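This report walks through a protein chain, taking its nonpolar cores, one of its helices, a loop residue and its charged pairs in turn.

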Amino acid sequence: KSVLEDQIPEQMTVAQANTDPRERVEMERLGVKTRLFLPMVFQRQALGLIRLDDFSAERTFSYQEISLAKLLASQAASAIENARLFEQARAEIAVRLRAETELEQERALLAERVKERTMELSKANAELARAARLKDEFLASMSHELRTPLNTILGSAEILQSGVFGELVEQQEKYVANIDESGRHLLSLINDILDLSKIEAGKMEISIGPVSVQSVCQASLRLVKQLAHKKHLKLKSEFQNSVATFPADDRRVKQILVNLLSNAIKFTPDGGEIGLTVTDDVAQSAIHFTVWDTGIGIAPEDLPRLFQPFVQLDSRLARQHTGTGLGLSLVSKMMELHGGGISVESDVGQGSRFTVSFPLATVTEPMARAEPRPQPAPLAIPATEDSAIKPMVLLAEDNEQSIEIFTDYLKLSGYHFSVARTGVEAIARAKEDHPDIILMDIQMPEMDGLEAMRRLRAEPAFATVPIIAMTALAMPGDRERCFDAGANEYLSKPVNLQMMVMSIRELLNQK
(Lines give C-alpha, C1' and ligand atoms only; values in the text may rest on other atoms or scores of the structure.)
Protein backbone atom coordinates (compact mmCIF):
# COMPACT_ATOMS: atom_id res chain seq x y z
CA LYS A 1 0.00 0.00 0.00
CA SER A 2 1.47 3.38 -0.99
CA VAL A 3 1.96 6.02 1.73
CA LEU A 4 3.53 9.46 1.81
CA GLU A 5 7.30 9.57 2.13
CA ASP A 6 7.32 11.51 5.43
CA GLN A 7 5.23 8.76 7.06
CA ILE A 8 8.19 6.27 6.85
CA PRO A 9 11.39 6.79 8.93
CA GLU A 10 14.44 7.51 6.85
CA GLN A 11 16.29 4.58 8.46
CA MET A 12 15.70 2.04 11.12
CA THR A 13 18.46 0.42 13.26
CA VAL A 14 18.20 -2.78 15.16
CA ALA A 15 17.29 -0.82 18.25
CA GLN A 16 14.39 0.67 16.40
CA ALA A 17 13.47 -2.70 14.98
CA ASN A 18 13.58 -4.20 18.47
CA THR A 19 10.56 -2.12 19.32
CA ASP A 20 8.54 -4.39 17.00
CA PRO A 21 8.39 -7.90 18.48
CA ARG A 22 7.69 -9.47 15.12
CA GLU A 23 10.67 -7.72 13.59
CA ARG A 24 12.98 -8.84 16.47
CA VAL A 25 11.93 -12.46 16.06
CA GLU A 26 12.60 -12.27 12.37
CA MET A 27 16.06 -10.75 12.84
CA GLU A 28 17.06 -13.30 15.49
CA ARG A 29 15.89 -16.16 13.28
CA LEU A 30 17.98 -14.89 10.41
CA GLY A 31 20.95 -13.80 12.52
CA VAL A 32 20.65 -10.17 11.50
CA LYS A 33 22.53 -7.76 13.77
CA THR A 34 21.58 -4.47 12.12
CA ARG A 35 18.69 -3.73 9.72
CA LEU A 36 18.00 -0.59 7.69
CA PHE A 37 14.67 0.27 6.01
CA LEU A 38 14.44 2.93 3.32
CA PRO A 39 11.26 3.92 1.44
CA MET A 40 11.02 3.58 -2.34
CA VAL A 41 9.49 6.98 -3.22
CA PHE A 42 8.21 8.24 -6.57
CA GLN A 43 6.80 11.77 -6.71
CA ARG A 44 6.31 11.85 -2.92
CA GLN A 45 4.42 8.60 -3.11
CA ALA A 46 5.95 5.60 -1.23
CA LEU A 47 5.67 2.49 -3.33
CA GLY A 48 7.38 0.16 -0.82
CA LEU A 49 10.49 -0.36 1.35
CA ILE A 50 14.08 -1.40 0.63
CA ARG A 51 15.81 -3.32 3.46
CA LEU A 52 19.54 -3.63 4.25
CA ASP A 53 20.70 -6.34 6.69
CA ASP A 54 24.12 -6.53 8.42
CA PHE A 55 24.91 -9.94 9.92
CA SER A 56 28.27 -8.96 11.49
CA ALA A 57 27.48 -6.48 14.24
CA GLU A 58 25.05 -4.03 15.65
CA ARG A 59 25.98 -0.65 14.23
CA THR A 60 24.84 2.47 12.53
CA PHE A 61 24.97 2.56 8.73
CA SER A 62 27.29 5.18 7.33
CA TYR A 63 26.16 8.21 5.37
CA GLN A 64 27.60 6.75 2.15
CA GLU A 65 25.79 3.48 2.71
CA ILE A 66 22.52 5.25 3.38
CA SER A 67 22.99 7.54 0.31
CA LEU A 68 23.70 4.55 -1.90
CA ALA A 69 20.68 2.76 -0.49
CA LYS A 70 18.56 5.83 -1.09
CA LEU A 71 19.74 5.98 -4.69
CA LEU A 72 18.91 2.32 -5.18
CA ALA A 73 15.52 2.84 -3.59
CA SER A 74 14.80 5.83 -5.84
CA GLN A 75 15.84 3.87 -8.95
CA ALA A 76 13.77 0.90 -7.85
CA ALA A 77 10.73 3.14 -7.24
CA SER A 78 11.14 4.71 -10.65
CA ALA A 79 11.47 1.29 -12.28
CA ILE A 80 8.43 -0.03 -10.43
CA GLU A 81 6.36 3.03 -11.41
CA ASN A 82 7.50 2.75 -15.03
CA ALA A 83 6.59 -0.91 -15.04
CA ARG A 84 3.22 -0.09 -13.52
CA LEU A 85 2.61 2.65 -16.07
CA PHE A 86 3.74 0.39 -18.89
CA GLU A 87 1.39 -2.34 -17.76
CA GLN A 88 -1.42 0.18 -17.38
CA ALA A 89 -0.74 1.59 -20.85
CA ARG A 90 -0.56 -1.89 -22.32
CA ALA A 91 -3.88 -2.76 -20.68
CA GLU A 92 -5.48 0.47 -21.95
CA ILE A 93 -4.09 -0.15 -25.44
CA ALA A 94 -5.44 -3.68 -25.35
CA VAL A 95 -8.86 -2.36 -24.27
CA ARG A 96 -8.75 0.29 -26.97
CA LEU A 97 -7.67 -2.20 -29.63
CA ARG A 98 -10.42 -4.54 -28.54
CA ALA A 99 -12.92 -1.67 -28.65
CA GLU A 100 -11.67 -0.59 -32.09
CA THR A 101 -11.86 -4.16 -33.32
CA GLU A 102 -15.39 -4.51 -32.02
CA LEU A 103 -16.26 -1.10 -33.52
CA GLU A 104 -14.78 -2.10 -36.86
CA GLN A 105 -16.73 -5.35 -36.74
CA GLU A 106 -19.86 -3.39 -35.89
CA ARG A 107 -19.16 -1.00 -38.75
CA ALA A 108 -18.64 -3.88 -41.13
CA LEU A 109 -21.83 -5.52 -39.89
CA LEU A 110 -23.72 -2.22 -40.18
CA ALA A 111 -22.32 -1.67 -43.67
CA GLU A 112 -23.45 -5.15 -44.62
CA ARG A 113 -26.89 -4.53 -43.17
CA VAL A 114 -27.11 -1.20 -45.00
CA LYS A 115 -26.04 -2.92 -48.20
CA GLU A 116 -28.60 -5.68 -47.71
CA ARG A 117 -31.30 -3.16 -46.82
CA THR A 118 -30.39 -1.00 -49.81
CA MET A 119 -30.62 -4.05 -52.05
CA GLU A 120 -33.97 -4.94 -50.50
CA LEU A 121 -35.24 -1.36 -51.00
CA SER A 122 -33.91 -1.28 -54.56
CA LYS A 123 -35.63 -4.58 -55.25
CA ALA A 124 -38.83 -3.35 -53.63
CA ASN A 125 -38.68 -0.10 -55.63
CA ALA A 126 -38.06 -2.06 -58.80
CA GLU A 127 -41.03 -4.29 -57.99
CA LEU A 128 -43.19 -1.24 -57.28
CA ALA A 129 -42.08 0.39 -60.51
CA ARG A 130 -42.75 -2.84 -62.37
CA ALA A 131 -46.16 -3.19 -60.73
CA ALA A 132 -46.99 0.43 -61.61
CA ARG A 133 -45.83 -0.12 -65.19
CA LEU A 134 -47.84 -3.34 -65.49
CA LYS A 135 -50.85 -1.57 -64.02
CA ASP A 136 -50.53 1.27 -66.53
CA GLU A 137 -50.04 -1.21 -69.36
CA PHE A 138 -53.06 -3.20 -68.22
CA LEU A 139 -55.23 -0.09 -67.94
CA ALA A 140 -54.04 1.14 -71.33
CA SER A 141 -54.74 -2.26 -72.87
CA MET A 142 -58.11 -2.48 -71.15
CA SER A 143 -58.98 1.02 -72.29
CA HIS A 144 -58.07 0.20 -75.89
CA GLU A 145 -59.81 -3.16 -75.95
CA LEU A 146 -63.03 -1.78 -74.43
CA ARG A 147 -63.12 1.57 -76.22
CA THR A 148 -62.58 0.05 -79.67
CA PRO A 149 -65.83 -1.99 -79.73
CA LEU A 150 -67.60 0.87 -77.93
CA ASN A 151 -66.58 3.10 -80.82
CA THR A 152 -68.49 0.79 -83.16
CA ILE A 153 -71.49 0.45 -80.82
CA LEU A 154 -71.93 4.16 -80.14
CA GLY A 155 -71.02 5.15 -83.70
CA SER A 156 -73.61 2.75 -85.11
CA ALA A 157 -76.24 4.07 -82.70
CA GLU A 158 -75.36 7.67 -83.61
CA ILE A 159 -75.70 6.98 -87.35
CA LEU A 160 -79.04 5.21 -86.87
CA GLN A 161 -80.36 7.99 -84.64
CA SER A 162 -79.37 10.62 -87.20
CA GLY A 163 -81.84 9.08 -89.66
CA VAL A 164 -79.44 9.18 -92.61
CA PHE A 165 -80.50 5.65 -93.58
CA GLY A 166 -84.17 6.38 -93.09
CA GLU A 167 -86.47 7.15 -90.20
CA LEU A 168 -86.73 4.55 -87.42
CA VAL A 169 -90.04 3.27 -86.17
CA GLU A 170 -90.84 3.87 -82.49
CA GLN A 171 -89.73 0.42 -81.36
CA GLN A 172 -86.45 0.74 -83.29
CA GLU A 173 -85.78 4.15 -81.78
CA LYS A 174 -86.37 2.66 -78.32
CA TYR A 175 -83.84 -0.12 -78.79
CA VAL A 176 -81.26 2.13 -80.46
CA ALA A 177 -81.63 4.52 -77.51
CA ASN A 178 -81.12 1.59 -75.14
CA ILE A 179 -77.93 0.62 -77.00
CA ASP A 180 -76.66 4.20 -76.87
CA GLU A 181 -77.53 4.62 -73.17
CA SER A 182 -75.94 1.33 -72.13
CA GLY A 183 -72.84 2.02 -74.21
CA ARG A 184 -72.38 5.45 -72.65
CA HIS A 185 -72.91 3.98 -69.17
CA LEU A 186 -70.16 1.46 -69.88
CA LEU A 187 -67.96 4.28 -71.16
CA SER A 188 -68.53 6.25 -67.96
CA LEU A 189 -67.42 3.25 -65.89
CA ILE A 190 -64.25 2.92 -67.98
CA ASN A 191 -63.59 6.64 -67.56
CA ASP A 192 -64.08 6.38 -63.79
CA ILE A 193 -61.47 3.63 -63.53
CA LEU A 194 -59.03 5.59 -65.68
CA ASP A 195 -59.65 8.81 -63.75
CA LEU A 196 -58.95 7.04 -60.47
CA SER A 197 -55.71 5.59 -61.83
CA LYS A 198 -54.66 9.04 -63.08
CA ILE A 199 -55.31 10.60 -59.67
CA GLU A 200 -53.41 7.86 -57.84
CA ALA A 201 -50.49 8.33 -60.26
CA GLY A 202 -50.57 12.10 -59.68
CA LYS A 203 -51.35 12.74 -63.35
CA MET A 204 -54.91 13.99 -63.23
CA GLU A 205 -55.21 17.25 -65.14
CA ILE A 206 -57.54 19.99 -63.97
CA SER A 207 -57.99 23.23 -65.90
CA ILE A 208 -58.87 26.08 -63.57
CA GLY A 209 -61.05 28.85 -64.91
CA PRO A 210 -64.14 30.87 -63.95
CA VAL A 211 -67.15 28.56 -63.58
CA SER A 212 -70.68 29.91 -63.64
CA VAL A 213 -72.64 28.63 -60.63
CA GLN A 214 -75.99 28.73 -62.43
CA SER A 215 -74.70 27.17 -65.65
CA VAL A 216 -72.86 24.24 -64.06
CA CYS A 217 -75.78 23.46 -61.74
CA GLN A 218 -78.41 23.63 -64.47
CA ALA A 219 -76.28 21.48 -66.79
CA SER A 220 -75.78 18.88 -64.05
CA LEU A 221 -79.50 18.81 -63.24
CA ARG A 222 -80.38 18.37 -66.92
CA LEU A 223 -78.08 15.36 -67.16
CA VAL A 224 -79.87 13.53 -64.33
CA LYS A 225 -83.37 14.79 -65.01
CA GLN A 226 -84.35 11.75 -67.06
CA LEU A 227 -83.08 9.36 -64.37
CA ALA A 228 -85.11 11.16 -61.72
CA HIS A 229 -88.20 11.15 -63.94
CA LYS A 230 -87.99 7.36 -64.38
CA LYS A 231 -88.24 6.92 -60.59
CA HIS A 232 -90.90 9.64 -60.21
CA LEU A 233 -88.58 11.71 -58.01
CA LYS A 234 -89.05 15.41 -57.42
CA LEU A 235 -85.91 17.27 -58.46
CA LYS A 236 -85.42 20.58 -56.66
CA SER A 237 -82.78 23.30 -56.70
CA GLU A 238 -82.18 26.31 -54.48
CA PHE A 239 -79.58 29.06 -54.89
CA GLN A 240 -78.60 31.10 -51.87
CA ASN A 241 -75.26 32.27 -53.21
CA SER A 242 -74.05 35.82 -53.68
CA VAL A 243 -71.12 34.99 -55.99
CA ALA A 244 -71.88 34.22 -59.65
CA THR A 245 -68.62 32.43 -60.54
CA PHE A 246 -65.85 30.55 -58.77
CA PRO A 247 -62.45 29.17 -59.91
CA ALA A 248 -62.56 25.47 -60.81
CA ASP A 249 -62.47 22.97 -63.66
CA ASP A 250 -65.93 23.26 -65.22
CA ARG A 251 -65.95 19.70 -66.58
CA ARG A 252 -64.81 18.19 -63.27
CA VAL A 253 -67.33 20.22 -61.25
CA LYS A 254 -70.09 18.91 -63.48
CA GLN A 255 -68.72 15.37 -63.04
CA ILE A 256 -68.72 15.81 -59.25
CA LEU A 257 -72.30 17.14 -59.11
CA VAL A 258 -73.67 14.55 -61.56
CA ASN A 259 -72.00 11.79 -59.53
CA LEU A 260 -73.59 12.99 -56.29
CA LEU A 261 -76.99 13.55 -57.92
CA SER A 262 -76.89 10.11 -59.57
CA ASN A 263 -76.12 8.51 -56.20
CA ALA A 264 -79.00 10.40 -54.61
CA ILE A 265 -81.34 9.12 -57.33
CA LYS A 266 -80.02 5.56 -57.00
CA PHE A 267 -80.59 5.37 -53.25
CA THR A 268 -83.91 7.23 -53.08
CA PRO A 269 -87.10 5.13 -53.37
CA ASP A 270 -89.70 5.96 -56.01
CA GLY A 271 -91.72 9.06 -55.21
CA GLY A 272 -89.02 10.63 -53.04
CA GLU A 273 -87.20 13.94 -53.40
CA ILE A 274 -83.66 14.98 -54.25
CA GLY A 275 -82.23 18.44 -54.51
CA LEU A 276 -79.23 20.71 -55.05
CA THR A 277 -78.67 23.69 -52.76
CA VAL A 278 -75.93 26.27 -53.30
CA THR A 279 -74.71 28.57 -50.53
CA ASP A 280 -71.55 30.58 -50.12
CA ASP A 281 -69.50 31.65 -47.14
CA VAL A 282 -67.69 34.88 -47.95
CA ALA A 283 -66.05 34.93 -44.51
CA GLN A 284 -64.48 31.50 -45.18
CA SER A 285 -63.97 32.33 -48.87
CA ALA A 286 -65.81 29.18 -49.99
CA ILE A 287 -68.88 28.12 -51.95
CA HIS A 288 -70.88 25.05 -50.90
CA PHE A 289 -72.90 22.69 -53.14
CA THR A 290 -75.19 20.39 -51.14
CA VAL A 291 -76.88 17.39 -52.77
CA TRP A 292 -79.64 16.05 -50.52
CA ASP A 293 -82.16 13.24 -50.78
CA THR A 294 -84.91 11.51 -48.83
CA GLY A 295 -83.43 8.09 -49.48
CA ILE A 296 -82.32 5.11 -47.41
CA GLY A 297 -79.54 6.94 -45.56
CA ILE A 298 -76.21 5.62 -44.31
CA ALA A 299 -75.44 3.94 -40.99
CA PRO A 300 -72.85 5.79 -38.83
CA GLU A 301 -70.48 2.80 -38.81
CA ASP A 302 -70.40 2.84 -42.64
CA LEU A 303 -69.42 6.50 -43.00
CA PRO A 304 -65.62 5.94 -42.63
CA ARG A 305 -65.66 3.53 -45.61
CA LEU A 306 -67.77 5.76 -47.79
CA PHE A 307 -64.94 7.36 -49.80
CA GLN A 308 -62.75 4.29 -50.23
CA PRO A 309 -62.40 3.11 -53.86
CA PHE A 310 -64.07 -0.14 -54.96
CA VAL A 311 -66.04 -0.32 -51.70
CA GLN A 312 -69.76 -1.08 -51.79
CA LEU A 313 -71.52 -0.66 -48.46
CA ASP A 314 -73.85 -3.46 -49.53
CA SER A 315 -71.65 -6.07 -51.23
CA ARG A 316 -74.09 -8.96 -51.12
CA LEU A 317 -74.81 -10.87 -54.32
CA ALA A 318 -78.48 -10.01 -53.80
CA ARG A 319 -77.89 -6.32 -53.20
CA GLN A 320 -80.52 -3.98 -54.56
CA HIS A 321 -78.29 -1.19 -55.86
CA THR A 322 -75.63 -1.64 -58.54
CA GLY A 323 -72.37 0.23 -59.03
CA THR A 324 -68.59 -0.06 -58.85
CA GLY A 325 -68.00 1.92 -55.67
CA LEU A 326 -65.79 4.43 -57.50
CA GLY A 327 -68.05 7.48 -57.61
CA LEU A 328 -67.62 8.93 -54.13
CA SER A 329 -63.92 8.08 -54.07
CA LEU A 330 -63.47 10.05 -57.30
CA VAL A 331 -65.48 12.96 -55.92
CA SER A 332 -63.32 13.07 -52.80
CA LYS A 333 -60.05 12.98 -54.75
CA MET A 334 -61.22 15.58 -57.27
CA MET A 335 -62.16 17.89 -54.42
CA GLU A 336 -58.65 17.49 -53.02
CA LEU A 337 -57.23 18.53 -56.40
CA HIS A 338 -59.38 21.67 -56.24
CA GLY A 339 -58.17 22.44 -52.72
CA GLY A 340 -61.66 21.84 -51.32
CA GLY A 341 -63.39 19.10 -49.38
CA ILE A 342 -66.48 16.95 -48.98
CA SER A 343 -68.65 16.24 -45.94
CA VAL A 344 -71.69 14.07 -45.34
CA GLU A 345 -74.64 14.00 -42.94
CA SER A 346 -77.02 11.07 -42.96
CA ASP A 347 -79.78 9.37 -40.99
CA VAL A 348 -80.85 5.82 -41.77
CA GLY A 349 -84.26 5.88 -43.40
CA GLN A 350 -84.33 9.69 -43.54
CA GLY A 351 -81.85 10.57 -46.28
CA SER A 352 -78.39 12.04 -46.78
CA ARG A 353 -76.73 15.40 -47.42
CA PHE A 354 -73.41 15.52 -49.30
CA THR A 355 -71.69 18.91 -49.34
CA VAL A 356 -68.72 19.75 -51.56
CA SER A 357 -66.94 23.02 -50.76
CA PHE A 358 -64.81 24.86 -53.30
CA PRO A 359 -62.43 27.68 -52.30
CA LEU A 360 -63.21 31.03 -53.90
CA ALA A 361 -59.46 31.71 -54.21
CA THR A 362 -57.67 30.28 -57.23
CA VAL A 363 -56.12 26.87 -56.66
CA THR A 364 -52.31 26.94 -56.75
CA GLU A 365 -51.78 23.19 -56.40
CA PRO A 366 -49.13 21.74 -58.73
CA MET A 367 -51.81 19.47 -60.13
CA ALA A 368 -53.62 22.47 -61.63
CA ARG A 369 -52.33 22.42 -65.19
CA ALA A 370 -52.73 24.56 -68.22
CA GLU A 371 -56.06 24.24 -69.98
CA PRO A 372 -55.95 21.65 -72.77
CA ARG A 373 -56.66 22.59 -76.33
CA PRO A 374 -60.33 23.50 -76.73
CA GLN A 375 -62.64 21.38 -78.82
CA PRO A 376 -64.01 23.14 -81.91
CA ALA A 377 -67.35 24.85 -81.59
CA PRO A 378 -70.37 22.79 -82.75
CA LEU A 379 -71.03 23.03 -86.45
CA ALA A 380 -73.67 21.50 -88.63
CA ILE A 381 -72.79 18.51 -90.80
CA PRO A 382 -71.76 19.98 -94.17
CA ALA A 383 -74.15 19.53 -97.02
CA THR A 384 -71.49 19.07 -99.69
CA GLU A 385 -72.78 16.05 -101.54
CA ASP A 386 -73.10 18.05 -104.74
CA SER A 387 -69.92 20.06 -104.38
CA ALA A 388 -67.58 19.97 -107.35
CA ILE A 389 -64.52 19.57 -105.12
CA LYS A 390 -64.76 17.38 -102.05
CA PRO A 391 -61.96 17.38 -99.48
CA MET A 392 -59.86 14.22 -99.41
CA VAL A 393 -59.58 12.48 -96.03
CA LEU A 394 -57.00 9.78 -95.34
CA LEU A 395 -58.27 7.41 -92.63
CA ALA A 396 -55.50 5.37 -90.97
CA GLU A 397 -57.34 2.71 -88.95
CA ASP A 398 -56.86 -1.04 -88.45
CA ASN A 399 -60.23 -2.02 -86.94
CA GLU A 400 -62.64 -3.04 -89.69
CA GLN A 401 -65.80 -2.13 -87.77
CA SER A 402 -64.41 1.32 -87.00
CA ILE A 403 -63.39 1.75 -90.64
CA GLU A 404 -66.95 0.99 -91.73
CA ILE A 405 -68.44 3.45 -89.23
CA PHE A 406 -65.98 6.26 -90.03
CA THR A 407 -66.13 5.89 -93.81
CA ASP A 408 -69.94 5.75 -93.85
CA TYR A 409 -70.13 8.97 -91.87
CA LEU A 410 -67.41 10.67 -93.93
CA LYS A 411 -69.25 9.75 -97.10
CA LEU A 412 -72.56 11.02 -95.73
CA SER A 413 -70.82 14.22 -94.64
CA GLY A 414 -69.53 14.95 -98.13
CA TYR A 415 -65.90 13.82 -98.13
CA HIS A 416 -63.74 11.69 -100.38
CA PHE A 417 -61.63 9.24 -98.42
CA SER A 418 -58.97 6.59 -98.66
CA VAL A 419 -58.08 3.99 -96.04
CA ALA A 420 -54.76 2.75 -94.67
CA ARG A 421 -54.65 -0.14 -92.21
CA THR A 422 -51.06 0.18 -90.96
CA GLY A 423 -48.69 3.03 -90.19
CA VAL A 424 -46.45 2.09 -93.11
CA GLU A 425 -49.44 2.03 -95.47
CA ALA A 426 -50.61 5.39 -94.10
CA ILE A 427 -47.34 7.03 -95.18
CA ALA A 428 -47.52 5.40 -98.63
CA ARG A 429 -51.19 6.37 -99.14
CA ALA A 430 -50.49 9.93 -98.02
CA LYS A 431 -47.74 10.29 -100.66
CA GLU A 432 -50.01 8.77 -103.31
CA ASP A 433 -53.36 10.48 -102.52
CA HIS A 434 -52.17 13.88 -101.16
CA PRO A 435 -55.04 14.14 -98.63
CA ASP A 436 -56.35 17.46 -97.34
CA ILE A 437 -56.52 16.01 -93.80
CA ILE A 438 -55.46 12.80 -92.07
CA LEU A 439 -57.34 10.85 -89.39
CA MET A 440 -54.61 8.85 -87.63
CA ASP A 441 -55.26 5.94 -85.30
CA ILE A 442 -52.41 5.54 -82.80
CA GLN A 443 -52.27 1.79 -82.18
CA MET A 444 -51.71 0.06 -85.51
CA PRO A 445 -49.59 -2.87 -86.76
CA GLU A 446 -46.15 -2.53 -88.41
CA MET A 447 -45.79 1.12 -87.35
CA ASP A 448 -47.84 2.99 -84.75
CA GLY A 449 -49.57 6.27 -85.48
CA LEU A 450 -47.10 8.35 -83.46
CA GLU A 451 -44.14 7.25 -85.58
CA ALA A 452 -46.19 7.62 -88.76
CA MET A 453 -47.02 11.23 -87.82
CA ARG A 454 -43.36 12.00 -87.06
CA ARG A 455 -42.26 10.67 -90.45
CA LEU A 456 -44.99 12.55 -92.28
CA ARG A 457 -44.08 15.79 -90.50
CA ALA A 458 -40.47 15.28 -91.59
CA GLU A 459 -41.65 15.45 -95.22
CA PRO A 460 -42.00 19.06 -96.52
CA ALA A 461 -45.19 18.09 -98.41
CA PHE A 462 -46.92 17.09 -95.15
CA ALA A 463 -45.46 19.64 -92.75
CA THR A 464 -48.75 21.59 -92.63
CA VAL A 465 -51.36 18.95 -93.52
CA PRO A 466 -53.83 18.79 -90.58
CA ILE A 467 -53.71 15.52 -88.63
CA ILE A 468 -56.34 14.39 -86.12
CA ALA A 469 -55.13 11.69 -83.73
CA MET A 470 -57.89 9.23 -82.85
CA THR A 471 -57.09 6.65 -80.24
CA ALA A 472 -58.68 4.23 -77.83
CA LEU A 473 -55.75 4.89 -75.47
CA ALA A 474 -56.72 7.38 -72.80
CA MET A 475 -53.90 7.23 -70.28
CA PRO A 476 -52.01 10.18 -68.77
CA GLY A 477 -49.69 11.72 -71.33
CA ASP A 478 -51.37 10.23 -74.43
CA ARG A 479 -52.70 13.60 -75.56
CA GLU A 480 -49.31 15.27 -75.09
CA ARG A 481 -47.50 12.50 -76.97
CA CYS A 482 -49.89 12.91 -79.89
CA PHE A 483 -49.36 16.67 -80.04
CA ASP A 484 -45.59 16.22 -79.72
CA ALA A 485 -45.64 13.80 -82.65
CA GLY A 486 -47.36 16.39 -84.83
CA ALA A 487 -51.12 16.06 -84.31
CA ASN A 488 -53.29 19.17 -84.64
CA GLU A 489 -56.19 17.66 -82.71
CA TYR A 490 -56.83 14.69 -80.44
CA LEU A 491 -60.06 12.67 -80.25
CA SER A 492 -60.48 9.82 -77.77
CA LYS A 493 -62.45 6.75 -78.80
CA PRO A 494 -65.29 6.14 -78.84
CA VAL A 495 -65.31 9.12 -81.19
CA ASN A 496 -68.40 11.27 -81.44
CA LEU A 497 -68.91 11.26 -85.21
CA GLN A 498 -70.38 14.73 -85.34
CA MET A 499 -67.44 16.01 -83.27
CA MET A 500 -65.07 14.31 -85.73
CA VAL A 501 -66.65 16.12 -88.67
CA MET A 502 -66.67 19.41 -86.76
CA SER A 503 -62.94 19.01 -86.08
CA ILE A 504 -62.30 18.28 -89.77
CA ARG A 505 -64.24 21.37 -90.79
CA GLU A 506 -62.47 23.53 -88.24
CA LEU A 507 -59.00 22.42 -89.31
CA LEU A 508 -59.73 22.67 -93.02
CA ASN A 509 -61.08 26.17 -92.55
CA GLN A 510 -57.78 27.10 -90.91
CA LYS A 511 -55.69 26.04 -93.87
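What follows is an account of a predicted model, arranged from the interior to the charged side chains.

## Nonpolar cores

In soluble globular proteins, nonpolar side chains tend to be buried together. The largest nonpolar core in this model comprises 34 residues, and within it the residues with the most contacts are Phe 246, Phe 289, Val 356 and Phe 358. At least two residues of this core come from each of helix 5 (213-230), strand 7 (245-248), helix 6, strand 8, strand 9 (286-293), helix 7 (327-337) and strand 11 (351-359). Helix 6 gives the most to this core, contributing eight residues.

Val 356 can serve as an example of how this core is connected. Leaving aside residues up to four places away in sequence, Val 356 touches Ile 256, Leu 257, Leu 260, Ile 287, His 288, Phe 289, Val 331, Met 335, Gly 341 and Ile 342. Apart from the core that holds Val 356 lies another core, of 24 residues, which includes Ala 452, Met 453, Phe 462 and Tyr 490.

## Helix 11

Within helix 11 (residues 478-485), the residues Asp 478, Cys 482, Phe 483 and Ala 485 are buried. Because these buried residues fall within an arc of 160 degrees when seen down the axis of helix 11, they line one face of the helix. The elements that cover the buried residues of helix 11 include helix 10 (449-457), strand 16 (467-471) and strand 17 (489-492). Gly 486 follows helix 11, and the phi of Gly 486 is positive, near 125 degrees.

## A loop residue

Is Thr 268, at 1% relative accessibility, buried or exposed? Thr 268 is found in the loop between helix 6 (250-266) and strand 8 (273-281), yet Thr 268 counts as buried because its relative accessibility of 1% falls under the 20% cut-off. Not counting residues up to four places away in sequence, Thr 268 touches Lys 231, Leu 233, Glu 273, Ile 274, Asp 293, Thr 294 and Gly 295.

## Salt bridges

Side chains of opposite charge can pair when their charged atoms come close. A search of the whole structure finds 17 salt bridges, and the table gives some of them, with the distance between the closest N and O atoms.

| Acidic residue | Basic residue | Closest N and O atoms |
|---|---|---|
| Asp 54 | Arg 59 | 2.5 Å |
| Glu 81 | Arg 84 | 2.4 Å |
| Glu 400 | Arg 421 | 2.7 Å |

In the pair of Asp 54 and Arg 59, Asp 54 is buried, with a relative accessible area of 10%, whereas Arg 59 counts as partly exposed at 31% relative accessibility.

Glu 81 and Arg 84 both lie in helix 3 (residues 63-162), where they are three residues apart, about one turn of the helix. Here Glu 81 is buried, with a relative accessible area of 9%, while Arg 84, at 44% relative accessibility, counts as partly exposed.

The salt bridge between Arg 421 and Glu 400 ties together parts that are 21 residues apart in sequence, because Arg 421 lies in the loop between strand 14 (416-420) and helix 9 (423-433), and Glu 400 lies in helix 8 (residues 400-412). Arg 421 counts as partly exposed at 34% relative accessibility, and Glu 400 is partly exposed, with a relative accessible area of 43%.

Elsewhere, Arg 35, Arg 51 and Asp 53 are linked in a network of salt bridges.

Definitions and conventions
Residues numbered from 1 in each chain as written. Predicted model: local features only at pLDDT ≥ 70, side-chain atom pairs only at ≥ 80, totals over all residues. Heavy atoms only, no water. Helix = DSSP H or I, 4+ residues; strand = E, 2+ residues; numbered from the N terminus. Buried < 20%, exposed > 50% of the residue type's maximum accessible area, 1.4 Å probe, protein only. Contact = heavy atoms within 4.5 Å. Arc of directions from axis to C-beta. Core = buried A, V, L, I, M, F, W, Y, C linked by side-chain atoms within 4.5 Å. Salt bridge = Lys/Arg side-chain N within 4 Å of Asp/Glu carboxyl O.
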